[in-house]
Amino acid sequence: MIRRGHSLKRRLMLWMAGLTLIFGTALLLEATLSANREADRVYDGVLDDAILTIAEALQWQDGRPLIAMPAAALQILATPHEERVFYALLGARGEIITANASLPITARLQKKVAQQPVYRDIDWQGTSLRLAGREFTSAGWETREPVQIWVAHTRGARNALAHDLVARAAMRFILMVGLAIMLVWLAVRASLRPLTRLRHRLRQRHSEDFSPISARVPVELSELVNTLDQLLARQRESHDRLMRFIADASHQLKTPLAGLQNISELALRSRDHEQWHEALKDIHAGASRSTRLAHQLLQMARLDHDETSLATRLDLTALARERLTDWAQRPASAMHDLGLEVPDHPVWVQATDWQLGELINNLLDNALRYTPPGSVITLGVEETDSGHELFVEDNGPGVPPALRDSLAQPFVRGDRHDTSGSGLGLAVATSIARSHQAQLSITTPDSGGLRVALLFSHERHQRNP
Amino acid sequence: MRLLLAEDDALLTRAIRQTLTAHGHTLDTLADGEQALHALTTQRFDLVLLDLGLPGCGGLELLSALRDRGDTTPVLILTAHDGLDDRIRGLDLGADDYLAKPFEISELEARVRALLRRSQQRSANQLTFGDITIDLNLFEVRMNGTLQTLPRRELSLLESLMSRAGQLVPRDLLEARLFGFEAVGSNALDLYISRLRKRLDGHGLRIRTIRGLGYVLEEIPAS
């Protein structure tokens, strides 16, 4: 089953949104800081102008500073934002020469302004102000005391400017993000279009169409398409095999059915009891053969499509004991000498129990069917150097070596067309052996007859000893 | 014996009827699950042959309904499904045996015989097989009607084999019954088996050896 993951588009968009949020926050923060800096730079210049204007209006009388506050200085500061303007002129000992407010100018500030101009953000009586100050010393022949000029105004204009700058930066940023999202959306749609095309193509496919997919796809998708093509090729193979098998099987099933039909038809025409009896014997044999054939065909089909059974660790000796016990109680085995030869300790292999059970059933069934009454049949488990071996051995007539290889093919019965076999037993066994990665071998034991063995070799099953 | 066959295939029903009535049994046949369940509530049968694919109510439901109300009538399941799961489910629900369709008549005869024998033994407290009878209360053996005196171990061996007549009795189980924890040679059991074989001679029964596994007490097959 395919597990439904996130939508690709949604995932891309989520990433975009996350990145935008992080970068956007950082950018806005930076924009705010630099806008404030810029506003301060502009309006600190205005404060400077006001201070210089005041300084020019400074007069001296008897070594004492005298001021008539120039209207221009206040004009400069009173921006269109109706700022409130404050000033203070301080003497050398910090005494107020003139002021329109008692600005909080500390001793430290006074000391500092002696060295260089000072700019400060201050809170005063619940208002936030920008304060600037400079000290002027005498440049003339008369010794005069230095004068400090302090000017402050409210921040309305500054804030308005900063705000304006930030708003413009934000607007640019939002525009950019919008554009980026649109472009990404278009790019995603364009890149996903081959997938959509592929989906349509697959959906329109006929269920029996196993030809390779011919669609133009980007490099990233070509691997997927290749894998799909390989899967289709395997499907075609399996489908062909199945069709061949069905054709063979229907041929095989029709043959005994045709016999049944003909014999019963002839018997119905006859009035002779002897002939009836002969016909019934044939009909019984034919029905038995069809039965067995149907059973084994189902087994093969089940084996080919068994994807649910799991190999488990199982004891070969226990399985052999259980199977032989079952067979010993069947009337079919009453005339044979059955035996079990297993070690007296468990022999573990990795296997699917029903499959191995069916394999043993098939081998025992074959042995009972193709050997005369009184024959010795032995089911056994042997531990050899190369691996664990499960075997069925009989002392019957055996099969000529030349025919042995073809025994494992479906519908081949060696040289034994006279009996009621279907020719599928060993094919089933071979198929089971293959699915267990075990080797099926057919040999002639020293005592003559036939020995069919399934070897779980140590090398192949090393990880599951 | 009175048997009930719940099966909806007409041809198979006819074949089974012919087989079992030839053995002197009375066979009632019903092709519907509901009817079969009803018949089982009102009448007594010695054995039920149950098809799993019945119309009305399925064979497995019928079986579990039967067992749920404490009815222990032996049940032999007949089914075309021979998957292991079905078999285990049937036996788990309380079926006594299981026969996959298509089957040979001789196979059916053997299973029916074994089940009837078991159910009889449960009630009569005696074992009967062929012309041999063991009274489990008196530990008396009669062969063809005449009382036989058997040594203790031979009697115990015969009883063990007869209580599971037609089935395989494992060798180690027989050894445990006969000798307990006594240390005996590996061929001690063979000795008693061969003595018992001589006694059974001429009674139509035999003890078949399954090498490495155990023994089956059975009727000598025709032919």
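**Exercise 1. Place Gly133(A): which strand holds it, is it buried or exposed, and what does it touch?**

Step 1. Gly133(A) lies in strand β6 of chain A, residues 127–136. Strands here are DSSP runs of E with at least two residues, helices are runs of H or I with at least four, and both are numbered from the N terminus.

Step 2. Before going on, note that this is a predicted model: local features need pLDDT of at least 70, side-chain atom pairs count only at pLDDT 80 or more, and totals for chains, interfaces and linings use all residues. Residues are numbered from 1 along each chain as its sequence is written, while chains are lettered from A and ligands numbered from 1 in the order in which they are written.

Step 3. Count neighbours. Gly133(A) has 24 other C-beta atoms within 10 Å, so it is buried. The cut-offs: 20 or more other C-beta atoms within 10 Å means buried, 12 or fewer means exposed, and in between is partly exposed, with C-beta atoms placed from the backbone.

Step 4. List contacts, meaning pairs whose C-beta atoms, placed from the backbone, lie within 7 Å. Leaving out residues up to four places away in sequence, Gly133(A) touches Leu109(A), Val113(A), Pro117(A), Val118(A), Gln148(A), Ile149(A) and Trp150(A).

Step 5. Check one C-alpha distance: Gly133(A) and Ala88(A) are 45 residues apart along the chain and 9.2 Å apart in space.

**Exercise 2. Describe the cores: how many residues does the largest nonpolar core have, and which helix gives the most to it?**

Step 1. A nonpolar core is a set of buried Ala, Val, Leu, Ile, Met, Phe, Trp, Tyr and Cys residues joined through C-beta atoms within 7 Å.

Step 2. The largest one has 64 residues, and those with the most contacts inside it are Ala320(A), Leu324(A), Leu364(A), Met162(B) and Ile210(B). Helix α8 of chain A (residues 353–369) gives the most, with 7 residues.

Step 3. A second, separate core has 29 residues, among them Ala88(A), Leu90(A), Leu103(A) and Val147(A).

Step 4. Zoom in on Met162(B): not counting residues up to four places away in sequence, it touches Leu127(B), Phe129(B), Ile132(B), Ile134(B) and Leu217(B).

**Exercise 3. Work out where the chains meet: how many residues of each chain are in contact?**

Step 1. On the chain A side there are 16 residues, in contact with 14 residues of chain B. Both α7 (316–328) and β9 of chain A supply at least two residues each to that side of chain A.

Step 2. Sorted by class, the chain A side has 9 nonpolar, 4 polar and 3 charged residues. Here Ala, Val, Leu, Ile, Met, Phe, Trp, Tyr, Cys and Pro are nonpolar, Asp, Glu, Lys and Arg are charged, and the others, Gly among them, are polar.

Step 3. Look at β9(A), residues 337–341: Leu338(A) and Leu340(A) make up its covered face, while Asp337(A), Gly339(A) and Glu341(A) make up the uncovered one. In a regular strand, side chains alternate between the two faces of the sheet.

Step 4. Find its neighbour. β9(A) pairs with β11 of chain A (376–383) in the parallel sense over 5 bridges, with pairing called when DSSP finds at least two bridges between two strands. Glu341(A) has Gly380(A) as its bridge partner.

**Exercise 4. Sketch the open sheet of 3 strands in chain B: what is the strand order, and which strands stand at the edges?**

Step 1. The order is β10-β12-β11, with antiparallel pairing. At the edges stand β10 (168–170) and β11 (205–210) of chain B; each has a single partner strand, so one side of each lacks a neighbour in the sheet.

Step 2. From one strand to the next, the twist averages 25 degrees. Axes are lines fitted to C-alpha atoms, for helices over the stretch in contact, and angles run from 0 to 180 degrees between N-to-C directions.

Step 3. β10(B) pairs with β12 of chain B (214–219) over 3 bridges, and Leu168(B) stands opposite Val216(B).

Step 4. Add helix α8 of chain B (188–200), which lies across β11 and β12 of chain B at about 150 degrees to β11(B). Arg195(B) lies in this helix, and its 14 other C-beta atoms within 10 Å make it partly exposed.

Key. Two residues are in contact if their C-beta atoms, placed from the backbone, lie within 7 Å.
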